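Please open the structure in your viewer and keep the sequence panel visible. This tour proceeds by selections, each followed by a short account of what is found there.

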Amino acid sequence: MLPPAAINEGDPVTPRPSATVLLIRGRDPWQLLLMKRPGGADFAPDAYVFPGGSVHDDDRSFEDEIRAAAVRELFEEVGILLARRGKSFAREADCERVRGLTRRGTPFGVAVRDLALTPAFDRLVMLARWVTPAQLRRRFDARFLLARLPAGQTLHPQQGEVVDWLWTAPSDALRNPDLALVYATRAVLESVVDARDVPALFSRARRTKEIQIVEPRIVQTADGWEVVR
């Protein structure tokens, strides 16, 4: 159910391009990462979501701004760096160097380049695309991407932005009454719950030639405003 303050009574707001990452560990069985937003967050307060956020100006300096946003948001929110130096994948020491630069005010994209790292866009596989209903004040054109947890890296959740996190099987997340899930998160979890293992999940996503845009609607019910497809 949506609060009345979320509804926009004027002209529709242009959706903001954004990227969301389903970060996966293990193979069979496998789990994905969910993080909890703080209660005062502008978007999805108190809900468990995938790491992600809107495209920033810095992301547009890369050839793929959506994947650039995915790499940056994943690093900023949970400290995982999808990048390479030459043929080697980034390790925890590389993450610490990037963290050191960004803490001193260096933009993420500049920090990555200064350390001779290259974002690993090829490690991100497009899964789905959702556009927030036109009736809402805050709208996103969100791409959901799959990525594997790199070896040798440790989660560093962003203080103040991430108040809790867990690794979970999609089926367990969907059954857990203690996890508040927004409509899109629940639907995306439902779309991957039947994947028997990680190779099958990624293979299915790569075989999808055209990603259909999902545009849910807002309807008013006896209980308030609700999202439907």
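The tour visits a strand, then a pocket, and finally a single residue.

**First stop: a strand and its partners**

Please bear in mind that the model is predicted. Select residues 125-131, which form strand β8. Five of the seven residues in β8 are buried, and the strand is thus described as mostly covered. Next, add residues 140-148, strand β9. β8 and β9 pair in the antiparallel sense, over six bridges. Now add residues 213-214, strand β11, which runs parallel to β8 and is joined to it by two bridges.

Which residues are the partners of Arg 129 in the two neighbouring strands? In β9, Arg 129 has Arg 143 as its bridge partner; in β11, Ile 213 stands opposite Arg 129.

**Second stop: the second largest pocket**

Keep β8 selected and add α5 (183-192) and α6 (198-207): each of these three elements supplies at least two residues to the lining of the second largest pocket. The pocket holds about 230 Å³ of space. Its lining consists of 14 residues, and those nearest the centre are Leu 127, Ala 128, Trp 130, Val 188 and Ser 191. Coloured by class, the lining shows eight nonpolar, three polar and three charged residues.

**Third stop: Glu 73**

Select helix α1, residues 65-78, and find Glu 73 within it. Is Glu 73 buried or exposed? Glu 73 counts as buried because its relative accessibility is 7%, and the cut-off for buried is under 20%. Its side chain makes a polar contact with the side chain of Arg 72, at 3.0 Å. Leaving aside residues up to four places away in sequence, Glu 73 touches Gly 52, Gly 53, Ser 54, His 56 and Val 78.

Key
Residues are numbered from 1 along each chain as its sequence is written. This is a predicted model: local features need pLDDT of at least 70, side-chain atom pairs count only at pLDDT 80 or more; totals for chains, interfaces and linings use all residues. Side-chain values use heavy atoms; hydrogens and water are left out. Buried means under 20% relative accessible area, exposed over 50%, partly exposed in between (1.4 Å probe, protein chains only). Helices (H or I, at least four residues) and strands (E, at least two) are DSSP runs, numbered from the N terminus. Two strands pair if DSSP finds at least two bridges between them. On a 1 Å grid over the protein atoms alone, a cavity is a set of points where a 1.4 Å probe fits but cannot get out, and a pocket is an open set with protein on both sides within 12 Å along at least five of seven lines; lining residues have an atom within 4 Å of a point. Grid points are joined across faces, edges and corners, and a volume is the space filled by probe spheres set on the points. Ala, Val, Leu, Ile, Met, Phe, Trp, Tyr, Cys and Pro count as nonpolar, Asp, Glu, Lys and Arg as charged, and the others, Gly among them, as polar. A polar contact is a pair of N or O atoms within 3.5 Å; within protein, one must be able to donate a hydrogen and the other to accept it, and residues adjacent in sequence count only if both atoms are side-chain atoms. Contact means heavy atoms within 4.5 Å.
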